[in-house]
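Subject: Structure handover

Hello,

I am passing this structure on to you. Please open it alongside this message; my notes on its pockets, cavities and helix packing follow below.

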Amino acid sequence: MTIPTARGPISAGLFRLLAGTPGDDAAAHDALSNLAEARLPLVDDIIDDGDVQLTLFCLYELHYGGLDGVTDRWEWNPGLIALRQLLEEPFERALRDAALLSTGPGLPVSAAGLDSDAVAEILFGIAAQEGGPGMSRHVAKKATLDQLREFLIHKSIYQLKEADPHTWAIPRLTGRAKAALVEIQADEYGGGRPDRMHSALFAKTMRGLGLDDRYGAYVDAVPAISLASVNVMSLFGLNRRLRGAVAGHLAIYEMTSSRPNQLYGNGFRRLGFDAGVTAYFDEHVEADAVHEQIAGRDLAGGLVESEPELFPDVLFGATAVMAIDARVTLHIMGAWDRGDSSLQPAVTAAV
């Protein structure tokens, strides 16, 4: 991914550091950490802070495909890991607060007496909660061509690497939960066919609307809340202690996918696009109707049966994704209701 434009002093400092080689300037590491420590108390809403979310996004990207022109030796640099943890701590606290606000009444506080079917039933109940204005209904019935392009741009920062954040959890699980995750991920990666990988199908959809399908091409265009929705997955996936949250997150993702993707596909068909463009959405209608059962009962439910102490984090992952996705939808739909673009204006680099 090409290094994006900085959105504040922390991301600007990170990009200056990454232009060098690990070990060249220890003072710069300390200065960046000190800068982050000084700035974090001034941040009103870390979930919607462009500087923090872009910094986290790029720190996480070092563990995925990397950043163009940046040596891979930065990936496990202790200074950058410390910076990441410094930003992750308040981000996770804010996510837990947001998740609590989105938790419905009557949810159990422990796994006592719960089997895998009961866990799945709880998660299906969370997934059924209304999270805000209906993005999928709007796309199906009203969205303009420009709005469809914006919709794809927001989704591209995850969908072009779809499944990767959840895959981090595979070596951290055992037994039934591990087998379930592998089964889901095998489908996400096309069952061995590169052209059927969900990321490849999404790239084809983008090309069909004249968009750039290179991973990360639109990071500068999306708001902080869209970056945060992807950072949540990386936070859960890259921290073993949050493996329960990975299970809850993926379960909700699958449970809230099939019907919306059917509506998304209908919206693209309404504007005359063919099966080559809608294949991504059509694939998810059928696949996720199966995946939601596997994710709810075997992944999340199986994990709770084997490690009941992880049940609160399963709920955390589930409710966090509902809360953040509702905020993304509110941002996009709010802009469209005003007749505005939901994308970022030109971002001026912080020096």
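The largest pocket is lined by 50 residues, and those nearest its centre are Thr256, Pro260, Tyr264, Asp325 and Thr329. Please keep in mind that the model is a predicted one.

The space in this largest pocket comes to about 1200 Å³. Several helices contribute at least two residues each to its lining: α6 (135-141), α7 (145-159), α9 (175-188), α11 (224-237), α12 (243-255), α13 (258-270), α14 (275-306) and α15 (311-337). Of these, α15 gives the largest share, with seven residues. Sorted by class, the lining of the largest pocket holds 23 nonpolar, 17 polar and 10 charged residues.

Next, the enclosed space. Searching the whole structure turned up one cavity of 30 Å³ or more, and the volume of the largest cavity is about 30 Å³. Its lining consists of Leu59, Leu62, His63, Trp74, Glu75, Leu80, Ile81 and Arg84. Helix α4 (residues 78-102) provides the largest share of that lining, three residues. Five of the residues lining the largest cavity are nonpolar, one is polar and two are charged.

I also looked at how helix α5 packs against two other helices. Two packed helices are described by the angle between their axes and the distance between the axes.

The first partner is α15, the helix with the largest share of the pocket lining. Helix α5 (residues 116-127) packs against α15 at an angle of about 20 degrees, and their axes are 10 Å apart. The angle is under 35 degrees, so α5 counts as roughly parallel to α15. Their crossing is right-handed. On the α5 side the contact involves Val119, Ile122, Leu123, Ile126 and Ala127, which meet Phe311, Val314, Leu315, Ala318, Thr319 and Met322 of α15. By class, the residues of this contact are 10 nonpolar, one polar and no charged.

The second partner is α12, which also supplies at least two residues to the lining of the largest pocket. Here the angle with α5 is about 60 degrees and the axes lie 9 Å apart. That makes α5 oblique to α12. The crossing of α5 and α12 is right-handed. Ala120, Leu123, Phe124, Ile126 and Ala127 of α5 make this contact with Ala251, Ile252 and Met255 of α12. The contact of α5 with α12 has eight nonpolar residues, no polar and no charged.

Leu123, Ile126 and Ala127 of α5 appear in the contact with α15 and in the contact with α12.

Regards

Conventions: Residues numbered from 1 in each chain as written. Predicted model: local features only at pLDDT ≥ 70, side-chain atom pairs only at ≥ 80, totals over all residues. Heavy atoms only, no water. 1 Å grid on protein atoms, 1.4 Å probe; cavity = no way out; pocket = protein on both sides within 12 Å on 5 of 7 lines; lining within 4 Å. Points joined across faces, edges and corners; volume = space filled by probe spheres on them. Helix = DSSP H or I, 4+ residues; strand = E, 2+ residues; numbered from the N terminus. Nonpolar A, V, L, I, M, F, W, Y, C, P; charged D, E, K, R; others polar. Axes fitted to C-alpha atoms, helices over the stretch in contact; angles between N-to-C directions. Parallel < 35°, antiparallel > 145°, perpendicular 65-115°, else oblique. Left-handed = near helix turned anticlockwise from the far one by under 90°. Contact = heavy atoms within 4.5 Å.
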